Each structure stands twice: as C-alpha cells, then as structure tokens.
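Let's take a walk through the empty and occupied spaces of this one. Have the viewer open and follow along.

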Amino acid sequence: MKNIRIGIIGSGGMASRHAQNFSQTDGFELIAIAARNPETGPVLASRHGIDYLPTYRDILKRDDIDAIAICTYNDTHGEIALAALDANKHVFTEYPATRNIDEARQLLSRIDHSSRVLRVGHNEVLSPSHRALKRQTAQTGNLITALFTRLTPGRGQRPEILFNISISGPPALFFVYNIYPFVDCFGPATWIEATAHYENLRDDSTYDSFANSVTVGFENGGIGQWNWAGGIEISQAEEYRHIVMTGGTLINRGDGWCLSTKSGERDLPAAEPSDITIQTQFLNDIHNGNWQTDARTAINAALIGLAAERSMEENRRITLSELL
Ligand SMILES: NC(=O)c1ccc[n+]([C@@H]2O[C@H](COP(=O)([O-])OP(=O)(O)OC[C@H]3O[C@@H](n4cnc5c(N)ncnc54)[C@H](OP(=O)(O)O)[C@@H]3O)[C@@H](O)[C@H]2O)c1
C-alpha cells in the first residue's frame, strides 16, 4: 500500500509532537510543515529534513500531499479543516473540531458527503478506561444524570492562549475532551444551558480565574452537567465523575471507574490496552473508512461548548436544532 504523504500545520508543541509521531508511524511519510511563525516553522521543518511553507494554503495546493494535521489554535481548526477537505486532503485536527457554529454545521454536512477522512484527535477512543466505561454504560440501563466536576487552584501548565475566550472559546470548548466521553456514551444533546463567571475579564478576552457550569439534555434522555472552576481558592486539584443510570451509578474519583449499586461497589475491569495510536487510527480511517461516527461525536461535543457560549451570552436555554 502506498504511503500517505502528510503535512503538518503549525509549529508549536502539538505540531512538534505530531511531526515526530507521524514520521515514526509506518504508512505515513512526512512531507512539509506550514507555519506562520518564521522562526519555529523552519526549525521544525529542518529537524525533519522536509519543506517549510509559510501558510496552510500553500500546503493545500501541493499535489504530493494526501493528508494534513492541524495543530494551530482553536479558532482556525474549522476553517483549515473545511479548506483541506475541499482541496481533497484527509484531515487530522487537534480538538476542538471548530470554534464556530457555522463551521460545525458545514463540517457535519461534509461528513455525509466527503470522500476524505476527518479525524479529530480525541484519544479517548483508544483509552482502555473509556472503552470499559462505554461497554458498562451500554449494560446499565438508561441514563438519569452524568456529572463532571473539576476544581483547580491554578490554571495548570496549559498555554496561556487557552485562557483567551475569543481564540480558544469558553472552558466548555477547550475542555471538550471532558465532554467528548459523555457524548460518546450517550449521544448528542438537544438543549444546553450554561453560566459563567470570569474574574478580571479584560478587553483582549483574557481572564485570571473562572467558574463555568454547563447543563444539557441528551437526545436519548438524561441530563449531563459539567462544572469547571480554575484559579480558585483550593489547596489541590479535584476532579470527579458520576454517571447515574437506572441500573447503577458509575463513579470515577480519579483512580478508574467503579459500579455502585445498593448491594455495594465493584471496580470495572479495564478494557484491553489498545496497541494502536491516534496516528495509526487515522491511517486505518483512510484505508478502511468507518470514521464518520467518531467525527460526528467530536463535532457534537464541540457543539455543546459552542452552544454553551451562546447560552451564556444570551442568558437562555439553547436548542441544538436552532443552531443547525
Ligand atoms: N491533544 C492534546 O493532548 C492537546 C494538548 C495540548 C493542546 N492541544 C490542542 O492543540 C492545539 C495546539 O496547541 P499547542 O499546545 O501546540 O499550542 P502552541 O504550542 O502555542 O502552538 C500553536 C501553533 O499554532 C500556530 N498558529 C496559531 N494560530 C495560527 C493561525 N491563525 N495561522 C497559522 N498558525 C497558527 C502558532 O503559531 P505562532 O507561533 O506564530 O503563534 C503555533 O505554531 C490547540 O488547539 C490545543 O487545544 C491538544
């Protein structure tokens, strides 16, 4: 089988990581880096002995590139993904799939019609803990409520740019990897209500600390709720997940999932570790298809973040049908 010739877009942390991983994955051949940064872009390209191009549009024009990996900030993922699919390239993008409702709508329609793959880099599809959870939720009756709470004293070791609302979106968007697992188990939302408090929100969209709460009604029944607060007064980070279903409550206190019922608690056996990486998953998508369900899940998860932002701005419940 011919190698898939791939170009990387961006030259920051994730671009370096993906350039390394794709170059070490059989079945891919790294061809070029497209990056706006005239210092880090050429350095990354020369580290791999490949071409440097100044804009992503240059890479889309190249006939010797079959696929791209988008590693830029959240506000450009959707625009670049759409342009790449239109240029007949397979697309791997860092999450979130998009920062924009109109792009989400366009991406959803491309999934149904594109002969090219869209893979969003949610590693949960490969995680033994998540796969064990998904298997168990399918056997535990109907969802009543799924709850997620994360409280952190600082803002973590994350790039500062993530705490910029206009570029990265609200926490419900840049923490989308905590929404994706519930959407993967329970399907899309029908309505979203969200509130947010930002401390020292400045004109340039940056802020010092935040508290966000997002509640959804799932299309298949049951309620989901995510609460995040960062930069708050607490001695150490705390994170909990509870999934209340008619047949039992699944609990994760940070050390794996257990199933709790009136007769006691038992740990869920982890699924077998996956021997494939997100890069080989993308390769399988290209050669074997069947990527559409995961792509839809990723966009439905991002839509919760985008609808949450609209709900906060307009101070009302948002239904997904009014956005799509
Ligand atoms: N999967 C994961 O575990 C994971 C972890 C961390 C981050 N992420 C996601 O990966 C993405 C990149 O994060 P990162 O940590 O790699 O950030 P980073 O180190 O700051 O790198 C971002 C890169 O994107 C470039 N860029 C940003 N906006 C652009 C635009 N409009 N046009 C062209 N290039 C642009 C930047 O160029 P400049 O140098 O010129 O600014 C930089 O090269 C983010 O969406 C983030 O949410 C995923």
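How many cavities of 30 Å³ or more does a search of the whole structure find? The answer is one. Keep in mind that this is a predicted model, so everything below is computed from it.

**The enclosed space**

That largest cavity holds about 50 Å³ of space. Its lining is made up of L118, R119, V120, H122, Y180, W291, D294, A295 and A298. Two elements, β6 (118-120) and α11 (292-314), each bring at least two residues to this lining. Sorted by class, the cavity lining has six nonpolar residues, one polar and two charged.

**The open space and its guest**

Now for the pocket. The largest pocket contains about 1,100 Å³ of space. It is lined by 44 residues, and those closest to its centre are M14, C71, T72, Y73 and E94. Four helices, α1 (13-23), α4 (74-86), α7 (165-168) and α10 (278-288), each give at least two residues to the pocket lining. The class split there is 19 nonpolar, 20 polar and five charged residues.

And where does the ligand sit? The space it takes is the largest pocket. Two elements give two or more residues to the shell around the ligand, namely α1 and α4, and α4 gives the most, with three residues. In total, 16 residues surround the ligand, with S11, G13, M14, N37 and N74 the closest. By class, this shell has five nonpolar, nine polar and two charged residues.

Here are three polar contacts to look up in the viewer:

| Protein side | Ligand atom | Distance |
|---|---|---|
| M14, backbone N or O | oxygen | 2.7 Å |
| N37, side-chain N or O | oxygen | 2.8 Å |
| E94, polar side-chain atom | nitrogen | 2.9 Å |

How much of the ligand does the protein bury? Taken alone, the ligand exposes 920 Å², and the protein buries 77% of that.

A couple of names turn up on both lists. M14 is among the residues closest to the ligand, and M14 is also among the lining residues closest to the centre of the largest pocket. M14 makes its contact through a backbone N or O atom, 2.7 Å from a ligand oxygen. E94 is another of the residues closest to the pocket centre, and a polar atom of its side chain lies 2.9 Å from a ligand nitrogen. N37, listed among the closest residues to the ligand, uses a side-chain N or O atom and sits 2.8 Å from a ligand oxygen.

**Backbone details**

Two backbone spots are worth a click as well. Which peptide bond is cis, with omega near -5°? That would be the one from Y95 to P96. P96 belongs to the loop between β5 (90-93) and α5 (101-113).

The other spot is N88, found in the loop between α4 and β5. Phi of N88 is near 70°, a positive value in a residue other than glycine.

Conventions: Residues are numbered from 1 along each chain as its sequence is written. This is a predicted model: local features need pLDDT of at least 70, side-chain atom pairs count only at pLDDT 80 or more; totals for chains, interfaces and linings use all residues. Side-chain values use heavy atoms; hydrogens and water are left out. A residue is near a molecule or strand if one of its heavy atoms lies within 4 Å of it. A polar contact is a pair of N or O atoms within 3.5 Å; within protein, one must be able to donate a hydrogen and the other to accept it, and residues adjacent in sequence count only if both atoms are side-chain atoms. Accessible areas come from the Shrake-Rupley method with a 1.4 Å probe; for residues, only the protein chains shown count as cover. On a 1 Å grid over the protein atoms alone, a cavity is a set of points where a 1.4 Å probe fits but cannot get out, and a pocket is an open set with protein on both sides within 12 Å along at least five of seven lines; lining residues have an atom within 4 Å of a point. A molecule sits in a cavity or pocket if more than half of its atoms lie within 2 Å of its grid points. Ala, Val, Leu, Ile, Met, Phe, Trp, Tyr, Cys and Pro count as nonpolar, Asp, Glu, Lys and Arg as charged, and the others, Gly among them, as polar. Grid points are joined across faces, edges and corners, and a volume is the space filled by probe spheres set on the points.
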